[in-house]
Amino acid sequence: MNYVLNGIMGLCVADALGVPVEFESRESLLKNPVVNMRAYGTYNQPAGTWSDDSSMTLCLVDSLSRGLDYNDIMVKFSNWINNGDYSPHGEVFDIGVGTRKALFRFLERVPPLECGGKSEWDNGNGSLMRILPILFHLQSVYGNDFQSNDEAFEIIHNISSLTHGHKRSLMSCGIYISVAAMLLDEIDVKTAVELGIYKAMKYYRGQEDYALELGYFTSLENKDFINLSVDEIKSSGYVIDTLEAAIWCLLNTTDYKTCVLKAVNLGNDTDTVAAVAGGLAGLKYGYKNIPKDWIEVLANKEYIEDLCNVLYIALN
């Protein structure tokens, strides 16, 4: 089973599903919900067009196929923003403020791991949306149970810090990757999610540097998180809102299609919430459970598949 393809295609398809309705309100989507791939909309792009979420994820997939090199990842991010590499149609139409600032710092010769903003206002979802590929690298180096390894978390944090360096963003990425790892085991979704969150939070509780941030994740740790009403779930570009919304959608559905449609129809940051949820759902339910008509309409799908296959072969 090509778990790289499962996760990355799950992310890219969900991203493309959300692009046409990004910034639409939940109320608007309640009246006219997304049920299939749409064309045009917010960015006036053809159906199947993915955004910065997928582009930056693919930069990481491509770079990791030759090993872990933070400078190379930033070079690829720069080639995306400057030349349209890793984009569906050769142009960039959606990029977050924090990401843009970090890439400008890199162009000004700031070292890669110092490029990401570190203030409380630098907690958009721009690193969470592209963090998934590091899971595959970590598994190849440390095995499935990497959550007890300081070095593994340091790598996750470094990948986030390329664009988002605040501890809240680092923790969100750490929790997400921990959950993603558990989804690869043959256990039910609820157990996988709870175990993934527990293992990550156990690690952070043992790190004095993260003590002040622990309180921001209490909702996720609550056993009743799955039972929150949709009104209690926010789908903004704030990293914790995105993480909570994605995990909530996964917990409250039983297949890929329903999960990502639930995520998109939450409204607001539709493409990123869907991409973050779609990566998890892709890992859990597999490529074969992503609707074929969605994959067929996906821009440059062969290119995405090729990058995933190269990474999968390189790691195996």
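**Entry 1: Glu-244**

I began with the surroundings of Glu-244 and found that, leaving aside residues up to four places away in sequence, Glu-244 touches Tyr-216, Ser-219, Leu-220 and Phe-225. I note here that the model is a predicted one. I placed Glu-244 in helix H11, which covers residues 239-251. I then looked up its accessibility: Glu-244 counts as buried because its relative accessibility is 12%, and the cut-off for buried is under 20%. I also took one distance from this residue, and found Glu-244 and Lys-234 to be 7.9 Å apart in space, C-alpha to C-alpha, with their positions 10 residues apart in sequence.

**Entry 2: Glu-213 and Arg-168**

I turned to another glutamate, Glu-213, which I located in the loop between helix H9 (189-205) and helix H10 (218-221). Is Glu-213 buried or exposed? I recorded a relative accessibility of 9%, so Glu-213 counts as buried. Not counting residues up to four places away in sequence, I listed His-166, Lys-167, Arg-168 and Met-171 as the residues that Glu-213 touches. With one of these, Arg-168, the contact is polar and runs from side chain to side chain at 2.6 Å.

I followed Arg-168 further and saw that its charged end sits over the ring of Tyr-216, 3.6 Å from the ring centre; Tyr-216 is also among the residues that Glu-244 touches. For Lys-167 I noted a charged end over the ring of Tyr-210, at 5.8 Å from the centre of that ring.

**Entry 3: Aromatic pairs**

I searched the whole structure for aromatic pairs, and the search returned 7. I looked at Tyr-3 and Tyr-312, whose ring centres lie 5.3 Å apart with the planes at 75 degrees, so I entered the pair as edge-to-face. This pair links distant parts of the chain, since Tyr-3 belongs to helix H1 (residues 3-18) and Tyr-312 to helix H15 (residues 301-315), 309 residues apart. For Tyr-312 I wrote down a relative accessible area of 23%, so this residue is partly exposed.

I next examined Tyr-203 and Tyr-204, an edge-to-face pair with 5.3 Å from centre to centre and 75 degrees between the planes, and both of these tyrosines are buried. I found that ring pairs join Tyr-203 and Tyr-204 with Phe-153 and Tyr-210 into a cluster; Tyr-210 is the residue whose ring lies under the charged end of Lys-167.

**Entry 4: Ser-55 and the nonpolar core**

I looked up Ser-55 in helix H3 (residues 52-64) and, with a relative accessibility of 2%, I counted Ser-55 as buried. Leaving out residues up to four places away in sequence, Ser-55 touches Trp-50, Trp-80, Tyr-86, Ser-87 and Pro-88.

Which residues have the most contacts inside the largest nonpolar core? I found that they are Ile-8, Phe-136 and Ile-175, in a core of 111 residues. I checked Ile-8 in turn, and its contacts, again without residues up to four places away in sequence, include Leu-58, Val-61, Phe-136 and Ile-304.

**Entry 5: The whole chain**

I closed with the chain as a whole, in which I counted 15 helices and 0 strands. The radius of gyration is 18 Å, close to the 20 Å that the globule rule gives for 316 residues, so I noted the chain as being as compact as a globular protein of that length. I recorded that the C-alpha trace spans about 45 × 45 × 40 Å along its principal axes, and that 59% of the 316 residues count as buried. Of the contacts with a separation of 6 or more, I found that 75% are between residues 24 or more positions apart.

How values were computed: Residues numbered from 1 in each chain as written. Predicted model: local features only at pLDDT ≥ 70, side-chain atom pairs only at ≥ 80, totals over all residues. Heavy atoms only, no water. Helix = DSSP H or I, 4+ residues; strand = E, 2+ residues; numbered from the N terminus. Buried < 20%, exposed > 50% of the residue type's maximum accessible area, 1.4 Å probe, protein only. Polar contact = N/O pair within 3.5 Å; in protein donor to acceptor, adjacent residues only side chain to side chain. Contact = heavy atoms within 4.5 Å. Core = buried A, V, L, I, M, F, W, Y, C linked by side-chain atoms within 4.5 Å. Phe/Tyr/Trp six-rings, centres within 6.5 Å; stacked < 30°, edge-to-face > 60°. Lys NZ or Arg CZ within 6 Å of the ring centre and 35° of its normal. Rg over C-alpha atoms; globule rule 2.2 N^0.38 Å.
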